[in-house]
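Please walk me through this model, beginning with one side chain and its surroundings and then widening the view to the whole chain.

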Amino acid sequence: MVLEDEQVTLMALKGTTQPPTGSLLRTVPLPRGTCSGGQPQQKVALGDLIGDLVVELNLMGAELVVALPAAACTLRVVEWPFDDWPEQPDLALRELNPDLGLPYPISEAYTTLVPLPSRDPSRPPTSLVAIAPRTLIQAWVEVFSIAALDLVCLEPAQVVTLRAMDQLIAASPPGELVVLLELHGDSAHLLLVRDGIPEFSRRITAGATSIERELRTCLAFWQRRDPSMMSVRVLVFGPAKACNQVSDTLSATPSWSVEIVDPSQQSWLNLVGIESDPDPYATDTAGGTALVRMAGLAAGDLSR
């Protein structure tokens with residue numbers, strides 16, 4: 001399940017085939033105000049809606065793996081003051097207690113840490129850290145308790161997105177800057193990744209012209225900071241129509257390699273059974289963002 005402020009998308013995965021085989025069953029819009037900034041505002045209403053959806057689709061007893069809304073978590077990159085990654089990174093992070101620029105102490109947060117191997121041997125061990133307030137995570141746990149579902153785990157949207165993109169990022173040659181460009185309604189999110197390390201993120205105004213202008217400004221800044229940058233690869237994902245418009249605009253710059261990411265075309269997901277949905281008006285309307293997150297969830301350890 002992929003959660004967003006505006007909607008929830010559910011897909012059933014069966015078996016352990018590669019690529020994972022799933023039925024993209026339903027995307028359901030959420031009533032205005034039930035979820036805001038990644039925080040459930042009406043827990044009972046959300047729990048009832050999600051629980052009813054699972055019953056309607058005859059998925060009672062299924063185990064649930066969930067991607068949180070992107071706004072629920074804050075992303076940071078931590079360079080460890082050790083020769084190697086700590087065996088207990090969560091404990092080490094809390095003992096070091098670095099200033100992460102959060103509006104709350106790390107003692108009041110849940111953290112997800114992922115090692116980030118770098119191609120630069122001079123760089124210290126580095127981890128991606130996704131952080132969310134404990135109160136927010138507990139609120140979502142309550143939602144799924146109300147829905148009477150078997151919740152296996154909640155994962156940060158940023159972590160599952162990077163996991164889905166891992167092969168594309170890893171295939172980039174040294175000196176290439178990868179731009180993850182996520183299109184979402186009236187805004188877009190830009191993330192610069194250099195040698196597998198997320199370096200800079202920014203939310204920008206949607207629209208092909210606005211995105212091109214913002215991207216050009218960001219890349220000019222990065223080129224001054226990192227003159228060794230040899231090439232730029234832009235990976236665009238989101239609703240198909242918006243992706244096509246943005247891709248056409250950005251592709252006019254010859255030095256940028258622009259690619260629309262479609263998990264089914266990339267063979268990250270094998271989607272079946274959409275046509276058999278009993279309600280033709282309720283079939284999937286999710287854009288590429290939900291599909292990318294689904295692929296990231298499916299690529300994880302679903303037994304955790």
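**From one arginine to the whole chain**

A polar atom of the R76 side chain lies 2.6 Å from the backbone oxygen of L100, a polar contact being a pair of N or O atoms within 3.5 Å in which, within protein, one must be able to donate a hydrogen and the other to accept it, and in which residues adjacent in sequence count only if both atoms are side-chain atoms. This is a predicted model, in which local features need pLDDT of at least 70 and side-chain atom pairs count only at pLDDT 80 or more, while totals for chains, interfaces and linings use all residues. Residues are numbered from 1 along each chain as its sequence is written, and side-chain values use heavy atoms, with hydrogens and water left out.

R76 belongs to strand β7, which covers residues 74–79; strands (E, at least two residues) and helices (H or I, at least four) are DSSP runs numbered from the N terminus. Because its relative accessibility is 27%, R76 counts as partly exposed, a class that falls between buried (under 20% relative accessible area) and exposed (over 50%), with a 1.4 Å probe and protein chains only. Beyond its neighbours within four places in sequence, R76 is in contact (heavy atoms within 4.5 Å) with L100, G101, L102, S127, L128, V129 and I131. R76 and E199, although 123 residues apart in sequence, have their C-alpha atoms 9.2 Å apart in space.

A second site to follow is T161, which lies in helix α4, residues 157–164. With a relative accessible area of 6%, T161 is buried, and, not counting residues up to four places away in sequence, T161 touches F237, V292 and R293. The helix around it is largely enclosed by the rest of the structure, because seven of the eight residues of α4 are buried; these are A157, Q158, V159, V160, T161, L162 and A164.

Turning to the whole chain, one finds eight helices and 16 strands, and a C-alpha trace that spans about 55 × 50 × 40 Å along its principal axes. The radius of gyration, taken over C-alpha atoms, is judged against a globule rule of 2.2 Å times the number of residues to the power 0.38; for 304 residues a compact globule would have a value near 19 Å, and the chain, at 20 Å, agrees with this. Of the 304 residues, 48% count as buried. Among contacts in the chain with a separation of 6 or more, 66% come from residues 24 or more positions apart.
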